[in-house]
Amino acid sequence: MHVLGIDIGGSGIKGAVVDVATGTLATPRHRIPTPEPATPEAVVETVARVVQHFAWQGPIGCGFPAVVKGGIIHTAANISPRWIGTNGQQMFEQATGSPVALLNDADAAGLAEMRHGAGQGRGGLVLMLTIGTGIGTALFIDGRLVPNTELGHIEIRGKDAERRASDAARERKGLRWRAWAADLDEYLRRISALLWPDLIIIGGGASREFEKFAPHLSVHVELLPAVLRNEAGMIGAALYAHEHVPVAA
Ligand code: BGC
């Protein structure tokens, strides 16, 4: 069973056909840089180009970097504020001619890691972080997603946590991994004191360098790097669509 998975990120819009039984890519991924500014028209047009690349007709799962409820976009931390209140699902369906299941990008990545990656078989409270342009969070209780958590936006010393500890913040401040680890540690300690998770999975761009910063973290919680890396968002979006898009008989 194949589903097209799309991941809309701060720097790129990526798509691949996903084998939802194995949670693996069935085609190479196709990536187009995220348009700037990331207005609804520009992003919808780019997603349509990704879909055309695969000549895809059929269910599409799409991870989106905002709170998404019933297809409606509710926040816009790293995208154009014009998205707020729009029916993203309907816009993507009109532009692609296919049924689209839209969900938060970190929730998508988390679903993939829980089913086929670092969180496989893990019960209890698991928090997945996607550390990239922002900090996305996906929370699981005994394998079940609690959707749309926005824990990257807790306030730390008067500032939005993702402005302090995201990968984009590391690059902006020109920090070495060890120095950035102190910012990340402060965030992880705070979030752990609030949620007491059993496991935190670290994904997103920064997860590739896990070995460089993990030794400098002091937080008392089990930490694992994501294993599906930058494929997690596409895989999870496809899994979600497979379970939520009604299949025509
Ligand atoms: C957004 C989240 C998103 C995360 C990662 C945050 O700024 O508020 O909805 O999951 O970035 O893209």
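The chain is divided into domain 1 (2-107 + 231-244) and domain 2 (120-226), with bounds that come from an automatic or database domain assignment. This is a predicted model, in which local features need pLDDT of at least 70 and side-chain atom pairs count only at pLDDT 80 or more, while totals for chains, interfaces and linings use all residues. Residues are numbered from 1 along each chain as its sequence is written, and side-chain values use heavy atoms, with hydrogens and water left out.

**How the two domains meet**

- The centres of domain 1 and domain 2, taken over C-alpha atoms, are separated by 23 Å, and the contact between them (heavy atoms within 4.5 Å) takes 11 residues from domain 1 and 13 residues from domain 2.
- Between them the two domains bury about 880 Å², of which 49% is on carbon and sulfur atoms; buried area here is the accessible area (1.4 Å probe) that two parts lose on being put together, summed over both.
- On the side of domain 1, the residues that lose the most area to domain 2 are Asn78, Ala106 and Asp107, which together account for 54% of what that side buries.

**Polar and charged pairs across the interface**

- The rule finds zero salt bridges across the interface of domain 1 and domain 2, a salt bridge being a side-chain nitrogen of Lys or Arg within 4 Å of a carboxyl oxygen of Asp or Glu.
- Three residue pairs, both at pLDDT 80 or more, are in polar contact across this interface; the term stands for a pair of N or O atoms within 3.5 Å, where within protein one must be able to donate a hydrogen and the other to accept it, and residues adjacent in sequence count only if both atoms are side-chain atoms.

**Surroundings of the ligand**

- The residues around the ligand (one heavy atom within 4 Å of it) include Pro65, Ala66, Asn78, Ala106, Ile135, His153 and Glu162.
- An oxygen atom of the ligand lies 3.1 Å from an N or O atom in the side chain of asparagine 78, and for glutamate 150 the corresponding distance from a ligand oxygen atom is 2.5 Å.
- For the side chain of glutamate 162, an N or O atom is 2.8 Å from an oxygen atom of the ligand.

**Salt bridges in the model**

- The count of salt bridges comes to nine, and one pair that meets the rule is arginine 157 with glutamate 186, whose closest N and O atoms are 2.8 Å apart.
- Arginine 157 lies in the loop between strand 12 (155-156) and strand 13 (159-160) and glutamate 186 in helix 6 (residues 177-195), so this pair ties together parts that are 29 residues apart in sequence; helices (H or I, at least four residues) and strands (E, at least two) are DSSP runs, numbered from the N terminus.
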